[in-house]
Amino acid sequence: MEILGLDIGGSEIKGAIVETESGRLVSERLRLSTPQPALPEAVAKTVEELVSRLNWQGVIGFSFPMVVVDGKCKTAGNMTND
């Protein structure tokens with residue numbers, strides 16, 4: 001199975017298509033700057049751009065540099081929840 005893996009970081013948002021059995025990247029890894037301020041709509045727009053550039057229409061997995069509880073960022077000082 002392949003998924004699009006995204007790393008939502010404080011300075012960059014990175015993404016690549018990953019083969020889940022082996023963990024091998026099967027596409028180039030793209031990097032875009034995390035918008036500042038990192039408001040949800042701006043981050044979502046950047047994610048949308050990555051998805052579009054990789055021409056992806058399947059499952060997406062996300063990693064965030066924070067604790068997320070009930071859809072709210074609880075611990076990252078470089079991302080906001082406004």
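With which residue does Arg31 form a salt bridge? In this predicted model, the partner of Arg31 is Glu12, and the closest N and O atoms of the pair are 3.2 Å apart. Arg31 belongs to strand β4 and Glu12 to strand β2, so the salt bridge ties together parts that are 19 residues apart in sequence. Both side chains are partly exposed: the relative accessibility of Arg31 is 43%, and that of Glu12 is 26%.

In total, three salt bridges are present in the structure. Another of them joins Lys14 to Asp7, with a separation of 3.6 Å between the closest N and O atoms. Lys14 counts as buried because its relative accessibility, 19%, falls under the 20% cut-off. Asp7, at 30%, counts as partly exposed. A further salt bridge links Arg53 and Glu49, where the closest N and O atoms are 2.7 Å apart. These two residues both lie in helix α1, four residues apart, which is about one turn of the helix. Glu49 is partly exposed, with 34% relative accessibility.

The largest nonpolar core comprises 14 residues. Within this core, the residues with the most contacts are Leu4, Leu6, Ile8, Ile13, Val43, Val47 and Leu50. At least two core residues are supplied by each of β1 (2-8), β2 (12-19), β4 and α1. Helix α1 provides the largest share, four residues. Leu50 touches Leu6, Ile13, Leu30 and Leu32, and also Lys14 and Gly15, when residues up to four places away in sequence are not counted. Lys14, the buried partner of Asp7, is therefore among the residues in contact with Leu50.

Two backbone features occur in loops. Most residues other than glycine have a negative phi, and most peptide bonds are trans. The peptide bond from Gln36 to Pro37, however, is cis, with omega near 0°. Pro37 is located in the loop between β4 (30-33) and α1 (40-53). Asn55 is not a glycine, yet has a positive phi of about 50°. Asn55 is found in the loop between α1 and β5 and is exposed, at 63% relative accessibility.

On the surface, Phe62, Phe64 and Val68 make a nonpolar patch of about 270 Å². Phe62 lies in strand β5 (residues 60-63). With a relative accessible area of 44%, Phe62 counts as partly exposed.

Definitions and conventions. Residues numbered from 1 in each chain as written. Predicted model: local features only at pLDDT ≥ 70, side-chain atom pairs only at ≥ 80, totals over all residues. Heavy atoms only, no water. Patch = residues over 30% accessible without salt bridge, like charges linked within 9 Å, V, L, I, M, F, W, Y side chains within 5 Å. Areas by Shrake-Rupley, 256 points an atom, 1.4 Å probe, with all protein chains shown as cover. Salt bridge = Lys/Arg side-chain N within 4 Å of Asp/Glu carboxyl O. Buried < 20%, exposed > 50% of the residue type's maximum accessible area, 1.4 Å probe, protein only. Core = buried A, V, L, I, M, F, W, Y, C linked by side-chain atoms within 4.5 Å. Contact = heavy atoms within 4.5 Å.
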